[in-house]
Amino acid sequence: MRRRARLAVLVLCVVVAAGCAHYPLNARLAAPSGSGGYRFPQMVVDRPDPADELFVCLSFSGGGTRAAAFAHGALLRLRSTDIGRGRSLLDEVDCIAGISGGAFMAAYYGLFGAAGLDTFDDRFLKRDLQVELARRVANPVNLVRLASPYFSRIDLAAELYDETVFGRRTFADLAARPRPFVILHATSMANGAPFEFTQAEFDFLGSDLGSFPVARAVAASSAFPFLLSPVSLRSFDTPRGYEVPDDVTDGLEERELNPGRYYWAVQHIDLMTRDPRAPAATTPDAKTPAEKWVHLLDGGLADNIGLRSILRAYDRTSGFLRQRINAGHIKRFVLIAVNARTDPPETLSRREASPGIVDVFMKTATVSMETVSFDTIEHALQRQSEREQAQTNIRRCNEQLAKCGAPPFSGLAQEIRTCFIHIDFEGLPSPAREELLAYPTTFALSEEQLRRLREAAGALLDSSESFRQLVRVLRGEPGVGAGLEGVRGNCS
């Protein structure tokens, strides 16, 4: 009888423990954040920051440990690239966008700086996180927690990253090191929209990003469908006095003129518990907004190379890049995309049998990533070319107007030099190219594979004519800097 009673008590305790398990909730925002929180430092129009003159942004793609090691190699190469005056090119990095595996490197460097490059190997790259996570799942205590509908594998993964990789750091710790500004990406499960872990994005949720664990954002960015469950955030009613940014309200008016901007605006409104376009409730018994939740999956589903957030900051009038360009603070803008895309040997077209469910799932989940990535790279190249060509045309027009004594045409607010550099394994010679393209997307690679990935990043940068041209210009080497006007890929 006693044994049955003890067993009943044990079962009851297990049920209670399972019911109590819940993932950490994001915090409510008490008051409108304004210019505070984790966002790029506020710009003062009449007091340019010298750090803005040469503005360097990096993007790190998804791809598990493969992507993290490739990004690590790129940062090491930038650290060893002397540009004069006792500074390296790494010292000039102002923002980093990270996706999935690349998010680990972006967040780690953002938290620990250049010194972190020497510890990232042991803290992340050389470990087999897949085995470590499997051991946590097999722990009887965690098996009980996983029985809760409000706690899942992704929460165990976030705990593992928090304790062993990021040292329980939060976005408040990232804010304490304002440069580089780190943009970690996920994808909204509801509508496939990109989601950025910045206070500007959390404002729509009525939530404070400062206390949110960096590891949890990285976990969301790498939550590949089916293998890991989504990370969930609560959307609160926005605090009194909050105003939707002009970029969003203006975008809502441009459905026919600018569909892309319209749907970008709608996707942000969808994050809110209350649609600001709806009539305000005036009766005392008006119902409060229904609870709303945002479920986030792998950032690579919306943008697997991380460039789009930087391009939005370049294109949008409220973007930290656009504001500094228009104010004349940025003289040279450099964007380096570190793309660890994979392309293993294709075998499906050599089989007579119809592909199985696993093959169909993997292709369904990943095939659109490459298409979007190629489109994004092409868009970045076009934006560079268009800017350079427009500046050249205006300069030539003004030269002709000056001959006639006519006032100059103002055109673009400020003239800047742009430089876009993209590295991926396709730039390697054979057979190294085929070897690295075949590396799996996993969280466990051998030390030899890690070494090859790091060396490949450095070699690809060294072999890039755009990168070499940029370094020569920054060093002020004689005979460099005149440039080839309007030429795509020009980094003079």
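Ser 100 is found in the loop between β3 and α3, the latter helix covering residues 101-112. In this predicted model, Ser 100 has a positive phi of about 50°, although the residue is not a glycine. Ser 100 is also buried, because its relative accessible area of 7% falls under the 20% that marks the limit for buried residues.

A positive phi is likewise found at Arg 85, where the angle is near 60° in a residue other than glycine. Arg 85 has its place in the loop between α2, which spans residues 64-79, and β3, which spans residues 93-99. With a relative accessible area of 66%, Arg 85 is exposed, whereas Ser 100, on the loop that leads from β3 to α3, is buried. Strand β3 thus borders the loop of Arg 85 as well as the loop of Ser 100.

Two cis peptide bonds to proline can also be described. One joins Arg 179 and Pro 180, with an omega of about 0°, and Pro 180 lies in the loop between α8 (171-175) and β4 (181-188). Another runs from Ser 430 to Pro 431, where omega is near 5°; the place of Pro 431 is in the loop between β10, made up of residues 417-423, and α16, made up of residues 432-437.

On the surface, a patch of negative charge is formed where Glu 243, Asp 246, Asp 250 and Glu 253 gather. Among these residues, Glu 243 is situated in the loop between β7 (231-235) and α11 (246-251). Glu 243 is exposed, since its relative accessible area is 66%, and exposed residues are those with a value over 50%.

The surroundings of an arginine within a helix complete the description. Arg 312 is found in helix α13, which comprises residues 307-315, and is buried, with a relative accessible area of 18%. When neighbours within four places in sequence are left aside, the residues in contact with Arg 312 are Pro 194, Glu 196 and Trp 264. Arg 312 in helix α13 is therefore assigned to the buried class on the basis of its 18% relative accessible area, the cut-off for that class being under 20%, while Arg 85, in the loop between α2 and β3, is exposed at 66%.

Technical notes: Residues are numbered from 1 along each chain as its sequence is written. This is a predicted model: local features need pLDDT of at least 70, side-chain atom pairs count only at pLDDT 80 or more; totals for chains, interfaces and linings use all residues. Side-chain values use heavy atoms; hydrogens and water are left out. Patches are made of residues with over 30% relative accessible area and no salt bridge: like charges are joined within 9 Å, nonpolar side chains (Val, Leu, Ile, Met, Phe, Trp, Tyr) within 5 Å. Accessible areas come from the Shrake-Rupley method with a 1.4 Å probe; for residues, only the protein chains shown count as cover. A salt bridge is a side-chain nitrogen of Lys or Arg within 4 Å of a carboxyl oxygen of Asp or Glu. Lys and Arg count as positive and Asp and Glu as negative; His and the chain ends are not counted. The place of a charge is taken as NZ of Lys, CZ of Arg, CG of Asp or CD of Glu. Helices (H or I, at least four residues) and strands (E, at least two) are DSSP runs, numbered from the N terminus. Buried means under 20% relative accessible area, exposed over 50%, partly exposed in between (1.4 Å probe, protein chains only). Contact means heavy atoms within 4.5 Å.
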